[in-house]
Amino acid sequence: MTDTRYWAVIPAAGVGKRMRADRPKQYLSLHGKTVLEHSIARFDSHPAIAGIVVAVSEDDGYWPDLAIRTRKPLHVAPGGKERSDSVINALAVLARHATEDDWVLVHDAARPCLRPSDIDRLIERLSADAVGGILATPVRDTMKRQDDAGRIQRTEEREGLWHALTPQMFPLGALRAALQRAAEEGAVITDEASALEYVGQSPLLVEGRGDNIKITRPEDLALAEFFLRQEAAEPNQEQA
Ligand code: CTP
Ligand code: MG
């Protein structure tokens, strides 16, 4: 097990429609650098990570301007139509540098507040696991199922419901095979776990921090700024 490596894959080829900004949200400025630079730095500064693959859109004019420098190998893959296509492309690039048994941590570019402790926990809980798993948080609001008229049909049992976050961690070979098969069979895949579920596996839920938010709507940027400032103010924080 000593030679097992861990790689980060960061899909960053979305357009950020819900954000309604003048550029894709991964290029918005946040606490001194772009959202994407924060997300990359989270893995570049984590000692367990061997290297990083970022998927960026081929007509992305912002990426070249960033001129990102990292300590670890950083590879670029072309983005795809859906998030899962971007991940498939990134895994193809990663396969030139990694083995089938290496672990991949797939992480949304739009989650810049990921803490090192969450990466630690994920690796600790999953390294000996046969399937892999994801960071998640338990649902805390009461959940409603709507009817056709937009009225409440019933209350869903909240017990046992989780929000799926990232990173999502799986062996490279198993993840690639699952995504490939789901794509070939036209299955709708929203995250890596759903590809593994599609091929009959049950990924593990690993409880993560609630401040690992995905920047989705305009108000989320201020919230992310607040979380990053809080982290910077904590004693003994190694700066990413
Ligand atoms: N993503 C990607 N390739 C796509 C679509 C999304 O790499 N074809 C990435 C985004 O850049 C983001 C992550 O997947 O980091 C999560 O997706 P989401 O939050 O939905 O981002 P967008 O698709 O950009 O936003 P929206 O859905 O509002 O357009
Ligand atoms: Mg999207």
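Analyst: Before we speak of a helix lying across strands, a definition is needed: axes are lines fitted to C-alpha atoms, for helices over the stretch in contact, and angles run from 0 to 180 degrees between N-to-C directions. Please keep in mind as well that this is a predicted model.

User: With that in hand, which strands does H4 lie across, and at what angle does H4 run to S11?

Analyst: Helix H4 lies across S1, S6, S7, S10 and S11, and its direction makes about 145 degrees with that of S11. Helix H1 can be read in the same manner, for H1 lies across S1, S4, S6 and S10 and runs at about 160 degrees to S4.

User: In what order do the strands of the open sheet come, and what is their pairing?

Analyst: The general idea is that strands of a sheet pair through backbone hydrogen bonds, either parallel or antiparallel. Here seven strands form an open sheet in the order S5-S4-S1-S6-S10-S7-S11, with mixed pairing. The edge strands are S5, which covers residues 74-78, and S11, each of which pairs on one side only. If direction is ignored, neighbouring strands of this sheet are turned by 30 degrees against each other on average.

User: How many bridges join S1 to S4, and do these strands run parallel or antiparallel?

Analyst: Six bridges join S1 to S4, the strand of residues 49-56, and the two run parallel. To find the pairing in the model, you can look for valine 9, which stands opposite valine 53 in S4. For a contrast, turn to S8 (residues 143-146) and S9 (residues 152-156), which run antiparallel and are joined by four bridges. There, lysine 144 stands opposite threonine 155 in S9. The hairpin of S8 and S9 has five residues between the strands, and in it glycine 150 takes a positive phi near 75 degrees.

User: Which residues of H4 are buried, and on what side of H4 are they?

Analyst: The general idea is that an α-helix has 3.6 residues a turn, so residues three or four places apart point the same way. In H4, which covers residues 116-126, the buried residues are Asp118, Ile119, Leu122, Ile123 and Leu126. They cover an arc of only 130 degrees around the axis, which puts them on the same side of H4. These buried residues pack against strands S1, S6, S7, S10 and S11, and also against helix H1.

User: What can be said of the span of H5, and which of its residues are buried?

Analyst: Helix H5, residues 172-184, has 13 residues and reaches 18 Å from its first C-alpha to its last, close to the 18 Å expected at 1.5 Å a residue. Its buried residues are Leu172, Gly173, Leu175, Ala178, Leu179 and Ala182, and they pack against H3, S6, S10 and H6. Just after H5 comes glycine 186, with a positive phi of about 70 degrees.

User: Which residues other than glycine have a positive phi?

Analyst: Arginine 20, with phi near 50 degrees, and histidine 31, with phi near 45 degrees, are two cases to look at. Arginine 20 is in the loop between S1 and S2 and, with a relative accessible area of 66%, is exposed. Histidine 31 is found in the loop between S2 and S3, and because its relative accessibility is 30%, it counts as partly exposed. Another backbone feature to find is the cis peptide bond that joins threonine 166 and proline 167, where omega is about 5 degrees; proline 167 is in strand S10.

User: Is serine 39 buried or exposed, and with which residues is serine 39 in contact?

Analyst: Serine 39, in helix H1, counts as buried because its relative accessibility is 0%, the cut-off for buried being under 20%. A polar atom of its side chain lies 2.7 Å from the backbone oxygen of alanine 109. Leaving aside neighbours within four places in sequence, serine 39 is in contact with Ile10, Asp108, Ala109, Arg111 and Pro112.

User: Which residues does alanine 136 touch?

Analyst: Alanine 136 lies in strand S7 and is also buried, at 0% relative accessibility. Not counting residues up to four places away in sequence, it touches Trp162, His163, Ala164, Leu165, Leu205, Val206, Glu207 and Gly208. From serine 29, alanine 136 is 107 residues apart in sequence and 26 Å apart in space, C-alpha to C-alpha.

How values were computed: Residues are numbered from 1 along each chain as its sequence is written. Chains are lettered from A and ligands numbered from 1 in the order in which they are written. This is a predicted model: local features need pLDDT of at least 70, side-chain atom pairs count only at pLDDT 80 or more; totals for chains, interfaces and linings use all residues. Side-chain values use heavy atoms; hydrogens and water are left out. Two strands pair if DSSP finds at least two bridges between them. Buried means under 20% relative accessible area, exposed over 50%, partly exposed in between (1.4 Å probe, protein chains only). The arc is that of the directions from the helix axis to the C-beta atoms. Contact means heavy atoms within 4.5 Å. A polar contact is a pair of N or O atoms within 3.5 Å; within protein, one must be able to donate a hydrogen and the other to accept it, and residues adjacent in sequence count only if both atoms are side-chain atoms. The expected span of a helix is 1.5 Å times one less than its number of residues.
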